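Student: I've got a structure open and a pile of labels to make sense of. Can we go through how each label is earned?

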Amino acid sequence: MGFARTCSVALLGVEGVVVEVQADLEPGVAAFALVGLPDKSLTESRDRVRAAIVNSGETWPQKKLTVGLSPASVPKGGSGFDLAVACAVLAANDRIAPKSIADLMMIGELGLDGRVRPVRGVLPAVLAAADAGYRHVVVPERTTAEASLVPGVAVLGVRSLRQLVAVLNDETVPEEDEDGADADGRPDPMLAGLTVPGGGVGTGLSATFGGVGAGGQAAAGAGYGPDRPDLAAVAGQQVARLALEVAAAGGHHLYLKGPPGAGKTMLAERLPGILPPLTRQESLEVTAVHSVAGILPPGRPLVDSAPYCAPHHSATMPSLVGGGSGLPRPGAVSLAHRGVLFLDEAPEFSGQALDALRQPLEAGHVVVARAAGVMRLPARFMLVLAANPCPCGRYSMLGGGCDCSPSAVRRYQSRLSGPLLDRLDLRVEVEAVSRSDLIGHGTGESSAVVAARVREARARAEARYTGTRWRTNSEVPGHELRTRWHVAPGALHAAERDMERGLLTARGLDRVLRVAWTLADLAAHPRPDAGDVLKALQLRTGFNRGAVLAGSP
């Protein structure tokens, strides 16, 4: 009788649970039982592991074999347990010393020939292993860079089961041919395990300009690399450009309303380009989500710039907030974590899907409950909504010739509920571009110039919030802003009058205060004055308060 154990990780969303993989050999009729609440893909590992061991030149034990995955109450799925199961079986059969794998964390899928194939979610799995105290991890060679992002963990990347057995037995490590892209340019077959159907290597995020749609599909107008579109290409729209800068500096949500062709989508696409680079912790958070979702760009183990997600208006509620059959999968709000979620033609989205955004907008995370379990996913994103004023888009335009009935206009505009709009800090009317702006020789400021001001404003905010859990003005609760960081005397008189008249809710007043602090940071004011509050009110309500909004603050 032989017994051995090693460890792997079960992923529940972007959080990992350490799973002990136990193998027990007993005399009896040769059989292989896998227990511990496995799903279909994990149950099939019995055949993959058997073939991989035999084709690696090892002997399959002709005994009663039971492999247990503990804790048995945690749902487990995917092919990432193959490597751990194979090593536990070999150790139980005395091919490997059981003590050599007892404290190892193993993640990887096995091919029938014994090659170790990469799997999705390596980064969150290694993070879970590190949190549990494991310091040695074995992963597929193709995901070594991703696993090495976790500090304090020694990572061993292997190409095959033969190599791992040789390393554990202190034998000569056999050479294995590196599988890669064919000479004729076909994709690397070993990377297939890192992507999900519909969001694979050919359609996912590129290193320069390619985006994420709902559920992981590519969406035009997004990107991670330096080739993002520049603000200098936007003609006119001084107030909208200011709103974009304020949104980037404070992490505020933005609503752009205007006729077709005014530049709403152009502005939204340029918002990621003026956001600061992600911090190390933020990069790990974003990379973990994208690794689980199967949209991590090939060759880029760490996402270091703000993501941009622009789903089509036909997106369902599960594709936005997360869901799916079985355990929930990350939705668009999680794919846009620490970045921008842009909903173009917002009134065309289903009302149920839009209202589902209200909770993550406030909490910074989304809790998805399904019969298979409850999952908490990160969702700290900046929401940008774009909408036309009416179905035809020409309502309120001078000489526009809108033929929509008043009832049709009301129905169209009411598709964005009041509670959702109340959570948006900035609401800007994007006017049609004038001829002089469009054909004029002058251009607006570039993204690099605006991004420099945004970084300076964020640095002031971070210095102010040193010692707290907040980094941007949009994250600070209104109570804290009112009691710990005071505005100039009398600066809130206009906002308080609007609240007394019913023009502002209590939440609206807090959001005006947050925007006022961002305007003060952009203008290098020590604290908001009456002018900053008037600008914040005008950017939220759209009513002219006498503040000058054109240009930078």
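Tutor: Sure. Start with pairing: two strands pair if DSSP finds at least two bridges between them. Keep in mind that this is a predicted model.

Student: What makes strand 10 and strand 15 a pair?

Tutor: Set the count against the cut-off: at least two bridges are needed, and four bridges join strand 10 (residues 254-257) to strand 15 (residues 382-387). So they qualify as paired, and the two run parallel. For one of the partnerships, look at L256, whose bridge partner in strand 15 is A386.

Student: Which sheet does that belong to, and what is the strand order?

Tutor: An open sheet of five strands, ordered 11-12-15-10-16, with parallel pairing.

Student: Why are strand 11 and strand 16 at the edges?

Tutor: Strand 11 (308-309) and strand 16 (426-429) each have a single partner strand, so one side of each has no neighbour in the sheet.

Student: How do you know that strand 2 and strand 4 are paired, and in which sense, parallel or antiparallel?

Tutor: Strand 2 (residues 15-26) and strand 4 (residues 64-70) share seven bridges; the test asks for at least two, so they pass. Their sense is antiparallel, and E20 sits opposite S70 of strand 4.

Student: What about strand 3 and strand 4?

Tutor: Five bridges link strand 3 (residues 31-35) with strand 4, and these run parallel. Here A33 has T66 in strand 4 as its bridge partner.

Student: On to helices. Why are helix 8 and helix 18 called oblique?

Tutor: The axes of helix 8 (residues 238-250) and helix 18 (residues 447-464) cross at roughly 40° and come within 8 Å. Under 35 degrees would count as roughly parallel, and roughly perpendicular covers 65 to 115. The angle of roughly 40° falls in neither class, so the two helices are oblique to each other. The crossing of helix 8 and helix 18 is right-handed.

Student: Which residues meet there?

Tutor: From helix 8, E245, A248 and A249; from helix 18, V450, R453, V454, A457 and R458. They divide into five nonpolar, no polar and three charged.

Student: And zooming out, how many helices and strands are there, and what share of the residues is buried?

Tutor: The protein has 22 helices and 16 strands. Buried residues, meaning those under 20% relative accessible area, make up 53% of the 553 residues. As for contacts with a separation of 6 or more, 70% join residues 24 or more positions apart.

Technical notes:
Residues are numbered from 1 along each chain as its sequence is written. This is a predicted model: local features need pLDDT of at least 70, side-chain atom pairs count only at pLDDT 80 or more; totals for chains, interfaces and linings use all residues. Side-chain values use heavy atoms; hydrogens and water are left out. Axes are lines fitted to C-alpha atoms, for helices over the stretch in contact, and angles run from 0 to 180 degrees between N-to-C directions. Angles under 35 degrees count as roughly parallel, over 145 as roughly antiparallel, 65 to 115 as roughly perpendicular and the rest as oblique. A crossing is left-handed if the near helix is turned anticlockwise from the far one by less than a right angle, and right-handed if clockwise. Contact means heavy atoms within 4.5 Å. Ala, Val, Leu, Ile, Met, Phe, Trp, Tyr, Cys and Pro count as nonpolar, Asp, Glu, Lys and Arg as charged, and the others, Gly among them, as polar. Buried means under 20% relative accessible area, exposed over 50%, partly exposed in between (1.4 Å probe, protein chains only).
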